[in-house]
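Let's take a walk through this model, from its surface to its charged pairs. Have the viewer open and follow along.

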Amino acid sequence: MAEEPSSPSPSLSAQSSASSAAPLGHSVIPIVNKLQDIFAQLGSQSTIELPQVAVVGSQSSGKSSVLESLVGRDFLPRGNEICTRRPLVLQLLQTKRKPDGTEEEYGEFLHLPGKRFYDFSEIRREIQAETEREAGGNKGVSDKQIRLKIFSPNVLDITLVDLPGLTKVPVGDQPSDIEARIRTMIMSYIKVQSCLILAVTPANSDLANSDALQMAGMADPDGHRTIGIITKLDIMDRGTDARNLLLGKVIPLRLGYVGVVNRSQEDIMLNRSIKDALVAEENFFRSRPVYNGLADRCGVPQLAKKLNQILVQHIKAVLPGLKSRISTALVSVAKEHASYGELTESKAGQGALLLNILSKYSDAFSSMVEGKNEEMSTSELSGGARIHYIFQSIFVKSLEEVDPCEDLTDDDIRTAIQNATGPKSALFVPEVGVPFEVLIRRQIARLLDPSIQCARFIYDELMKISHRCLVNELQRFPVLRKRMDEVIGNFLREGLEPSETMIGHIIEMEMDYINTSHPNFVGGSKAVELAMQQIKSSRVSLPLSRQKDGIETDKAPTSERSVKSRGILARQVNGIVPDQGVRPSADAEKVAPSGNSGGSSWGISSIFGGSDSRTSAKEISTNKAYNEPVHNTELAMSMIHLREPPTILRPSESHSEQEAIEIAVTKLLLRSYYDIVRKNIEDSIPKAIMHFLVNHTKRELHNVFIKKLYRENLFEEMLQEPDEIAMKRKRTRETLRVLQQAFRTLDELPLEAETIEKGYSVGADRTGLPRIHGLSTSSMYMTSGSSGDSFGASPNHTKSRKSSHSGELQPPFYANADSNGSGRPHIPSLYPTLDM
Ligand SMILES: Nc1nc2c(ncn2[C@@H]2O[C@H](COP(=O)(O)OP(=O)(O)OP(=O)(O)O)[C@@H](O)[C@H]2O)c(=O)[nH]1
């Protein structure tokens with residue numbers, strides 16, 4: 001056994017030499033710890049999954065003891081009765097030795113910031129006290145972490161998590177489902193992909209029943225991040241050893257096993273130090289020939305080194321993601337910071353700032369209206385698109401749906417015709433032209449309301465757009481925002497007035513001159529022709545019985561009649577759908593066959609100023625009106641009494657065919673002309689609104705802002721910012737600084753680190769050990785010659801072992817590295833039980 005006489009008693013401090021074998025790890029892990037602190041400062045620790053090492057196992061399997069040995073100090077509550085009852089997150093941080101060679105080791109709790117614990121037994125007491133604060137004094141378990149940092153020159157940089165041990169039977173305050181609860185808690189740590197799992201199983205228990213391996217198998221089925229730890233090698237039954245366990249022959253594990261000997265309860269009671277324990281452990285392995293050749297998997301120092309190597313690779317793997325997260329955060333924080341702007345004190349600076357804001361606002365407003373805004377939503381219409389929608393899909397569509405004759409009954413038309421005839425009606429044929437004009441004006445007037453409404457809608461839209469401009473930038477200037485809102489509100493209201501006036505003019509213009517010469521207007525003769533056709537077809541379509549029974553026919557429900565005549569009447573001429581309900585009145589039907597062929601003589605002249613034989617119909621109605629008093633003549637022989645004219649006079653009830661034609665013609669004319677006006681309105685109202693309101697605002701807004709707000713004496717007041725903004729600016733600046741620092745820290749990673757260790761692929765090489773970027777990890781572990789030697793694996797010894805195994809050229813203490821001795825490079829599944 002080649003012992004190094006000069007070497008100090010092996011403790012973790014001895015690992016500093018081992019760690020120098022893998023300096024890359026040390027260039028990375030401090031960065032991660034730095035980042036951890038940075039993110040803790042940012043209060044977003046949970047957003048980054050930093051690599052951790054969690055210890056799992058059943059109760060009293062030796063988890064805390066393993067951790068303690070790794071740290072090299074006594075500080076964890078340990079023992080048969082004392083268990084881990086809250087997760088303890090332990091961050092080991094390597095510090096530099098002081099120039100005078102002395103070392104300083106201390107712990108610091110997150111819940112007691114700034115308080116350094118130099119006495120490690122005090123740390124233990126604090127852990128116990130803190131455990132009880134949260135989980136009570138009677139075996140209760142809590143998932144609330146205790147966070148502890150250990151600063152020491154004697155540790156490797158690793159974050160470790162000590163977890164409560166798995167237990168089956170509830171004791172003390174433990175709830176009945178304690179096992180399930182602890183499993184869930186453990187799972188929440190070890191399921192995280194960046195968590196390395198130390199699955200602790202005591203050597204004196206059955207590995208096949210190991211809770212630790214079972215849970216690790218669930219969390220890490222591929223075994224990429226599970227290291228098996230076999231404790232209590234010293235108290236195995238006489239005649240048994242853990243060689244096969246360590247070689248993975250019982251349950252193979254990709255990352256293999258490390259066997260350790262911790263202090264026994266007796267050792268603890270005797271206050272045996274960890275240093276002594278490590279010496280004892282070393283002696284233990286040295287004195288057991290069965291463990292010869294397994295130096296790489298025996299002892300706490302080996303575990304520490306192995307862990308560190310793997311951890312480095314883990315960190316490497318998460319770095320790019322980390323970096324991109326930081327840069328994303330950086331971008332958004334920088335943006336937020338920029339939105340708070342810089343403080344501007346000078347008048348000139350304030351003026352420039354104000355001017356800039358006003359210009360940007362006006363530009364943003366125009367962009368939104370024009371649809372050039374970069375932040376335009378893709379989920380809904382906004383800005384100009386909404387304006388277009390209001391014009392086309394609301395305004396135009398609503399107008400298109402209006403039927404000008406919808407609210408005009410035949411009686412209305414008849415009344416209008418008779419009123420237009422005036423006193424001469426009995427003698428002369430009236431013009432349809434006059435009632436047409438009266439009626440069409442009435443219809444055109446109806447267009448005013450929707451047009452005004454349309455303008456108001458657009459006004460509302462512009463208001464909305466204005467509220468959406470520069471929201472972020474103006475956040476810091478509430479006074480300015482308010483003043484700008486006022487200015488633009490007033491300005492838009494002012495813009496609404498001329499547009500409404502213009503709309504009024506447009507409608508009045510349409511009403512003022514009814515252009516019956518419009519080329520698209522159906523015209524009188526065509527209308528008459530169409531009306532005649534309608535009447536004719538409706539008559540043809542009437543059942544014979546109804547034709548005979550005039551009164552009944554007249555009183556038949558309109559709907560029934562219209563439905564029947566619809567098929568024949570519904571023809572579109574010049575864009576006009578003839579009135580489907582038009583039908584001859586009872587009188588008309590009676591009169592028509594009596595030979596008044598006047599229908600054929602109807603033409604444009606008769607409508608717009610011509611004369612015709614409308615007399616008969618009129619006469620009938622007049623006669624009828626006078627007939628009633630005549631019945632009473634015998635009662636008034638001497639004096640002829642006139643019936644009092646009724647206060648309200650209705651049009652004559654007699655309906656001639658001519659009248660029916662008149663009504664039909666009027667409707668045709670109304671529809672045709674209304675169509676022309678509607679098209680004009682649909683076209684000119686949006687134009688008026690665009691010109692007087694929308695574009696006017698776009699053009700003038702900037703000038704108006706300058707005129708109303710750009711006053712030197714107002715700068716101060718308008719650029720006032722709330723305290724909250726100043727605070728936010730300060731906070732984001734700080735966050736930004738921290739993030740930038742984090743980003744730089746990541747950038748400072750030595751290039752070689754990037755290239756040499758690009759993450760470990762756990763594919764095993766021929767040694768059965770994981771490969772790290774093409775390098776066998778064995779070569780890395782081999783650099784720890786001291787530890788190999790410390791178990792007496794002298795070079796010679798090594799050689800002999802090497803040759804004893806399969807003849808392959810590989811380091812001796814890996815000679816049996818393939819977990820099942822088959823030389824199989826890969827262990828496909830983690831837990832197939834291999835019987836020996
Ligand atoms: N002989 C011997 N005793 C050990 C070994 N490891 C741990 N022990 C003892 O086993 C007992 C439990 O050890 P702990 O380290 O507290 O075990 P734990 O898994 O952390 O326990 P819980 O936190 O309660 O689940 C203690 O008395 C230790 O001294 C070992 O390798 N050999």
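**A greasy patch, a helix and some salt bridges**

Start on the outside: Leu 381, Tyr 389, Ile 394 and Phe 457 make a nonpolar surface patch of about 340 Å². Patches here are built from residues with over 30% relative accessible area and no salt bridge, joining like charges within 9 Å and nonpolar side chains (Val, Leu, Ile, Met, Phe, Trp, Tyr) within 5 Å. The areas come from the Shrake-Rupley method with a 1.4 Å probe, and for residues only the protein chains shown count as cover. Ile 394 sits in helix H12 (residues 384-400), and at 31% relative accessibility it counts as partly exposed. On that scale, buried is under 20% relative accessible area, exposed is over 50%, and partly exposed is in between (1.4 Å probe, protein chains only).

Before going on, bear in mind that this is a predicted model: local features need pLDDT of at least 70, side-chain atom pairs count only at pLDDT 80 or more, while totals for chains, interfaces and linings use all residues. Residues are numbered from 1 along each chain as its sequence is written, and side-chain values use heavy atoms, with hydrogens and water left out.

Next, look at helix H15, residues 448-468 (helices are DSSP runs of H or I, at least four residues; strands are E runs of at least two; both are numbered from the N terminus). Its 21 residues reach 31 Å from first C-alpha to last, close to the 30 Å expected, where the expected span is 1.5 Å times one less than the number of residues. Buried residues in H15 include Ile 452, Ala 455, Ile 458 and Leu 462. Just after H15, Leu 470 takes a positive phi of about 55°.

Now for the charges. The structure holds 33 salt bridges, each a side-chain nitrogen of Lys or Arg within 4 Å of a carboxyl oxygen of Asp or Glu. In helix H4 (residues 120-135), Glu 130 and Arg 133 lie three residues apart, about one turn of the helix, and their closest N and O atoms are 2.5 Å apart. Glu 130 is buried at 10% relative accessible area, whereas Arg 133 is exposed at 51%.

What about a pair that links distant parts of the chain? Glu 721 bridges to Arg 476 at 3.2 Å. Glu 721 is in the loop between helices H27 (712-718) and H28 (723-747), and Arg 476 is in the loop between H16 (471-474) and H17 (478-512), 245 residues apart. Both Glu 721 and Arg 476 are buried.
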